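Thanks for coming. I will walk through a few parts of one structure, taking strands and helices in turn.

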Amino acid sequence: MDQRRSQSKMENPEIRTFSRRSMIQNALFVVTGAVGLPAIATEMAFAQEPAQSPAQKPTEAQAWTIGNSSINRTIHFKPNGGLFTSGLSDLATHSEFISPGNLRMDMAQEFSFDCNGRTIRGTDPEFEFLSVAEAAIPNGRSLTVKLRHKEVSLEVSVVYSSYGDHPAIRKYLVLRNTGSAALRFTHLNIETLGLSLGPSNETILNTQYGTIPREIFYTGRSEDAGLMVSNSRTGVGIAIISEVPGYMKRTEVAGWDDPARVRIGVLYDTDLMPFERSLTSGQEFKSASVSLVTYRNSDGFNDPRWVLPSYTAKVLMRQVGRQGAPWIYNTWEPFERGINRELALELIDAAGAMGMDIFTIDDGWQQEHGENAVNLTSFPGGLQPILDSLEAKGMRLGLWIPMAAIGMTSADYRNHPDWAARDQDGKLKITGTAAGSKVVMCLASAFRDSAADRIIDAISRFRLAYVKLDLTTIFNAYGEAPGCWAHGHYHNSWAESLNMIYEGIAYVTSKVYAKHPDVLLDLTFELWGQKHVIDAGLLAAGDLDWLSNVDDTRSDSAGPIQARQLLYQRAASMPVESMLIGNIHAELPTIQESFATAIGSAPLLLGDLRKLSTHDREWYHERITWFKKLRKKTKISESFFPLGSWLQTSSDKWDGFARLARSGDGIIALFRNKSEVPSATVQLPLIPSGSYRVRSVITGEDHGVFAKADWVRGVPIGFPASGPVEILEIASVHN
């Protein structure tokens, strides 16, 4: 039997014994059955200016509501009953996600964690109310409720935020040690609620990025960045977007323990990558945020294909969502570390003719990993000739830079070998790279300041618009062990190093942004520690995610069709313009497919551009110019609709996508693949009411004007005779 459960039960005999499956994580303990809500003593209406109540010990319950025109969340504090959510309402669909007047408090604990071995929950009677504060934040409002524990020297601030008219509430915790002795935290659960979605036999769950159906009793892990739980009959649902980074992520869903509720817990991991944090006197820890986003399937703009892309692009993305992703060229394939000045200048000529925005030199420009000295053998005269050529053609430079994998001859390692990460046996952590073995430095040490300074120096020295931050940090995506066992770093244990290394990445990027707020930082999947991964934690730290390296070296390579597989699976809950999907080649005979695939996400092309004919370069220039103009005037980041055989892209079936603004204007891309079908019937039942003119970007042909009813039935679109790809511009017609 779990010793903590046994001890807690002895200390509080009112706790009932439940089966293991009803206890989703140690954090979700049962304290009582169903209880009625107390009368509300204070209902706070938000004022325009921040307000704060003085520290007090209320004798009656208090309640506050945060929200906007689309969503409301009501939070109660009850003396001897702690903090809990008593209401969660989608105002657009008139849906209630918390059963009013009858709460199961074991599902309403608000938050929980273990502190020095003691389980603490938001609903514990040992919490007393300190203050509440409301404030304006960019495009929204926040509510902070501060609590103090009566028996542990601890303050907990619970921060809720709403934004614009998005049906979303975002939440995080701040833990503060107010005593003299250290506090050790584990099993940190940021959000724990019992959601009312209807009977269990009507409840469904889509996992990973919200696209893979699974059973409703489920543990979400690193790839479960956007879980979507809903009622299959009514369509009412809620998306759970966790910003806990990478492998630290754990989300619990229990949909069949209660016939009328779904228990959720959004937490840090407890077993494979266990969270641990020690706080000394006066120290604070701010948790990752969690967003709960409400929706109703097949209900116009309330459908998640409108709701989630709009929220994630406008709120979770740092800046790309506002300006549109630039067109980026990268030298890695086919040149790899063989890139040099002559090759680069020839490629710049081609990239400029195509209309690219950023020319990125990948690994090979530098003398050593971890230093900014230029490889003068490959680039005599340094990078100045490259900069001059780029700027003459209206482009900017991007560079590949490893954050934590550095050479043993680098100054950082020579001067501070104590900053290096070590394995369980005390040996240096070494990772393999294209340039040979490199030492992995620990980002939960003073190395993080040096790494940030090095990146800042490179941006200043080379006038960079974009930095591809790469290679191993917490652990290698190809199987090397995670974390750091070294002594003398900021972490007190291996477990503590895990999340602190992710925090170290965010520390580095925040320091870079403070100096260069307009630079685009790309945190690759290798840096984040897992193949093909993207999550809201990464977006909290950077702008872009180079999330994969699909092979596109031959005409029969996996190439664009697998790039679209990655795109379709993730677009349900992650903003597409944060995704850089390598390595689509621009010069292969499938240039139409390469271009059409690229406009589904953040546009990225590789390959030997010198092989493109003058006609091909002009073809790219015309289409890239068209796309930039359309993207500038049309908010196509407000939705994403996968089409055809999108759940499993297949050469014998067509697939595609639509990206539309709320006006209905936007683009459709269709891919015949090897299916040999003459046309694709495109259904867009969620397109706004109106009429739309359809024009082919491939042929220039006008396909006609179609009303919403046509899109509901399906509009047949023939593939052009010139190839297996069609791109359509959709423009609303105003009578």
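I will start with one pair of residues: isoleucine 406 stands opposite valine 439 in β31. Before going further, please keep in mind that this is a predicted model.

That pair belongs to the pairing of β29 with strand β31, residues 436-440; two bridges join them, and they run antiparallel. What is the order of the strands in the open sheet of three? The order is β29-β31-β30, and the pairing is antiparallel. At the edges stand β29, residues 405-406, and β30, residues 430-433. Each of these has a single partner strand, so one side of each has no neighbour in the sheet.

Next, a pair of helices. Helix α5 covers residues 341-354 and helix α6 covers residues 384-392. Their axes are 10 Å apart, and the helices pack at an angle of about 5 degrees. Angles under 35 degrees count as roughly parallel, and α5 is therefore roughly parallel to α6. On the α5 side, the contact is made by Arg341, Ala344, Leu345 and Ile348; on the α6 side, by Pro385, Ile386, Ser389 and Leu390. Sorted by class, the contact of α5 with α6 has six nonpolar residues, one polar and one charged.

The second helix pair is α13, residues 591-598, with α14, residues 614-633. Here the axes come within 11 Å and cross at roughly 20 degrees. These two helices are therefore also described as roughly parallel to each other. As for handedness, α13 passes α14 in a right-handed crossing. Which residues of α13 meet α14? They are Ile591, Gln592, Ser594 and Phe595. Their counterparts in α14 are Asp616, Trp619, Tyr620, Arg623, Ile624, Trp626 and Phe627. The residues of the contact of α13 with α14 comprise seven nonpolar, two polar and two charged.

Now to the open sheet of six strands, to which α14 will return. Its order is β37-β38-β39-β44-β41-β42, with antiparallel pairing. The edge strands are β37, at 641-644, and β42, at 702-707, and each of them pairs on one side only. From one strand to the next, the twist averages 20 degrees. Within this sheet, strand β38, residues 655-660, and strand β39, residues 666-671, run antiparallel and are joined by six bridges. Aspartate 655 has phenylalanine 671, in β39, as its bridge partner. Helix α14 packs on the sheet, where it touches β38, β39, β41 at 691-696 and β44 at 725-733. The direction of α14 makes about 135 degrees with that of β39.

A further strand pairing involves β40, residues 679-682, and β43; these run antiparallel and are joined by four bridges. Alanine 680 stands opposite isoleucine 717 in β43. Which residues make up the covered face of strand β43, residues 715-718, and which the uncovered one? Val715 and Ile717 are on the covered face, while Pro716 and Gly718 are on the uncovered one.

I will finish with a single residue, serine 157, which lies in strand β13, residues 154-163. Is serine 157 buried or exposed? Its relative accessibility is 11%, and the cut-off for buried is under 20%, so serine 157 counts as buried. Leaving aside residues up to four places away in sequence, serine 157 touches Thr144, Val145, Lys146, Tyr172, Leu173 and Val174.

Terms used
Residues are numbered from 1 along each chain as its sequence is written. This is a predicted model: local features need pLDDT of at least 70, side-chain atom pairs count only at pLDDT 80 or more; totals for chains, interfaces and linings use all residues. Side-chain values use heavy atoms; hydrogens and water are left out. Axes are lines fitted to C-alpha atoms, for helices over the stretch in contact, and angles run from 0 to 180 degrees between N-to-C directions. Angles under 35 degrees count as roughly parallel, over 145 as roughly antiparallel, 65 to 115 as roughly perpendicular and the rest as oblique. A crossing is left-handed if the near helix is turned anticlockwise from the far one by less than a right angle, and right-handed if clockwise. Contact means heavy atoms within 4.5 Å. Ala, Val, Leu, Ile, Met, Phe, Trp, Tyr, Cys and Pro count as nonpolar, Asp, Glu, Lys and Arg as charged, and the others, Gly among them, as polar. Two strands pair if DSSP finds at least two bridges between them. Buried means under 20% relative accessible area, exposed over 50%, partly exposed in between (1.4 Å probe, protein chains only).
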